[in-house]
Amino acid sequence: MTDQRPSGEREWEITTNTYIFAGVGAVILGGLAYASLGGVPNTIAAAVVGALAGGALGLFF
């Protein structure tokens, strides 16, 4: 049997782009949090959220 998928469905795989987008998202949101809120906990929390958002975005590219 062959694995037949509908034409619009694709397989999700983590590539280099996923890591790049995650890193850029972490740097951008972490930097913004540091500039606006200050403090290490706020910066780390925003960087984690940025990495998750960037990684999710990187799955599409």
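This is a short walk through one small set of structural features in the model shown above.

Before anything else, please keep in mind that this is a predicted model, in which local features need pLDDT of at least 70 and side-chain atom pairs count only at pLDDT 80 or more, while totals for chains, interfaces and linings use all residues. Residues are numbered from 1 along each chain as its sequence is written, and side-chain values use heavy atoms, with hydrogens and water left out.

Let me start with the overall picture. The protein has two helices and zero strands, where helices (H or I, at least four residues) and strands (E, at least two) are DSSP runs, numbered from the N terminus. Of the 61 residues in the protein, 23% are buried; here buried means under 20% relative accessible area, exposed means over 50%, and partly exposed is what lies in between, with a 1.4 Å probe and protein chains only. The protein exposes about 4700 Å², and carbon and sulfur atoms supply 69% of that area, with accessible areas coming from the Shrake-Rupley method with a 1.4 Å probe, and for residues only the protein chains shown count as cover. If we look at contacts with a separation of 6 or more, residues 24 or more positions apart account for 68% of them, a contact being heavy atoms within 4.5 Å.

Now to helix α1, and to Thr18, which is found in this helix, residues 16–36. Is Thr18 buried or exposed? Thr18 counts as buried, because its relative accessibility is 8%. Once neighbours within four places in sequence are left aside, Thr18 is in contact with Glu13, Gly54, Gly55, Gly58 and Leu59.

Two glycines of the helix come next. Gly23 is in α1 and is partly exposed, with a relative accessible area of 32%; its C-alpha lies 8.1 Å from that of Gly55, although the two are 32 residues apart in sequence. Gly25 is also found in α1, but at 14% relative accessibility Gly25 counts as buried. Not counting residues up to four places away in sequence, Gly25 touches Gly30, Gly50 and Ala51, and the C-alpha atoms of Gly25 and Val48, which are 23 residues apart along the chain, are separated by 8.8 Å.

Let us turn to the surface. Which residues make the nonpolar surface patch of about 520 Å²? They are Ile20, Val24, Ile28, Leu29, Leu32 and Val49, and α1 gives the most to this patch, with five residues. Patches are made of residues with over 30% relative accessible area and no salt bridge, where like charges are joined within 9 Å and nonpolar side chains (Val, Leu, Ile, Met, Phe, Trp, Tyr) within 5 Å; a salt bridge is a side-chain nitrogen of Lys or Arg within 4 Å of a carboxyl oxygen of Asp or Glu. As one example from the patch, Ile28 counts as partly exposed, at 48% relative accessibility.

My last topic is the aromatic rings. Rings of Phe, Tyr and Trp (its six-membered ring) pair if their centres lie within 6.5 Å, and planes under 30 degrees apart count as stacked, over 60 as edge-to-face and the rest as tilted. By this rule the count comes to one aromatic pair. That pair is Phe21 and Phe61, stacked, with 5.3 Å centre to centre and 0° between the planes. Phe21 lies in helix α1 and Phe61 in the segment after α2 (40–58), so the pair ties together parts that are 40 residues apart in sequence. Phe21 is partly exposed, with a relative accessible area of 28%, whereas Phe61 is exposed, at 56%. Finally, Leu57 of helix α2 is partly exposed at 43%, and its C-alpha is 6.9 Å from that of Phe21, with their positions 36 residues apart in sequence.
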